[in-house]
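Colleague: Could you take me through the aromatic rings in this one, up close? I'd like to hear which rings pair, how they are oriented and what sits over them.

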Amino acid sequence: MARKKEISKEKILDIAYKMAVVDGLDCLTARSIAKTGHFSTQPLYLEFSNMKEIRSLVLERISGELREKILQQKFTGDPLIDLDLSYIDFSQKHVQLFRAMFVDGKFDSKIISDTLMDLGIEKFKNQYPDTDYSDDKIKDIVVANWISAVGMASLIVNKIATFSQDQIINVLNAQIHDAMLNDRLNTTAQENPMFAADDEASLKDQLA
């Protein structure tokens, strides 16, 4: 009968995931994982082809956690705004991981960016179900929205600025409405005159 493995692939990935959440992806080396798990590096090389595979699988797990749990918090009842606030909350609770993935760019986190884009599109459609924008327009709105969310998260994490939740929500709402009315990511587009057509008209009225 074959001898049962003492150190399973699942155990190694569980240790690597917990390390990444606390200290960021940069901490993931064969020696650091082995030391944390109190075993030699041999099981890592038996179960995985290289460290890149481990990091990729950890990123997939992080992506799943972001999609299913971390970025699904409820704050205001507005799906896209709640997604942004969940992201900013994540950046503050997991500073090292946030910096590794979104600031330092030390690891290929395309899977994470794809997750954020998919969630952004989904939440936008939930928050604004009556709009008939093209897919490209919605993507531009989501990208513009993430620019604001990531920027504010970076300012907060790096202690450059502090914002109340109301201030964050006001900035995000203003940016989303501006992106809906104008194509600022399209350098050939003209500004929508609705945005400044009536000083007394609210954005809500203009978007109605």
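Modeller: Sure, and Trp146 is a good place to start: at 9% relative accessibility it counts as buried, where buried means under 20% relative accessible area, exposed over 50% and partly exposed in between (1.4 Å probe, protein chains only). Bear in mind that this is a predicted model, so local features need pLDDT of at least 70 and side-chain atom pairs count only at pLDDT 80 or more, while totals for chains, interfaces and linings use all residues. Residues are numbered from 1 along each chain as its sequence is written, and side-chain values use heavy atoms, with hydrogens and water left out.

Rings of Phe, Tyr and Trp (its six-membered ring) pair if their centres lie within 6.5 Å; planes under 30 degrees apart are stacked, over 60 edge-to-face, the rest tilted. That rule gives four aromatic pairs. In one of them, the Tyr87 and Trp146 planes stand at 70 degrees with centres 5.0 Å apart, so that pair is edge-to-face. Tyr87 is in helix 5 (residues 79-93) and Trp146 in helix 8 (residues 135-157), so the pair ties together parts 59 residues apart in sequence; helices here are DSSP runs (H or I, at least four residues), numbered from the N terminus. Tyr87 is buried too, at 1%, and together with Phe98 and Trp146 it forms one aromatic cluster.

Then there's Phe124 with Tyr133, a tilted pair with 6.3 Å between centres and 35 degrees between planes. Phe124 is buried at 0%, whereas Tyr133 is partly exposed at 26%.

Tyr133 also has the charged end of Lys137 over its ring, 5.7 Å from the centre; that takes NZ of Lys or CZ of Arg within 6 Å of the ring centre and within 35 degrees of the ring normal. Arg61 does likewise over Tyr17, at 4.0 Å from the ring centre.

Conventions:
Helices (H or I, at least four residues) and strands (E, at least two) are DSSP runs, numbered from the N terminus.
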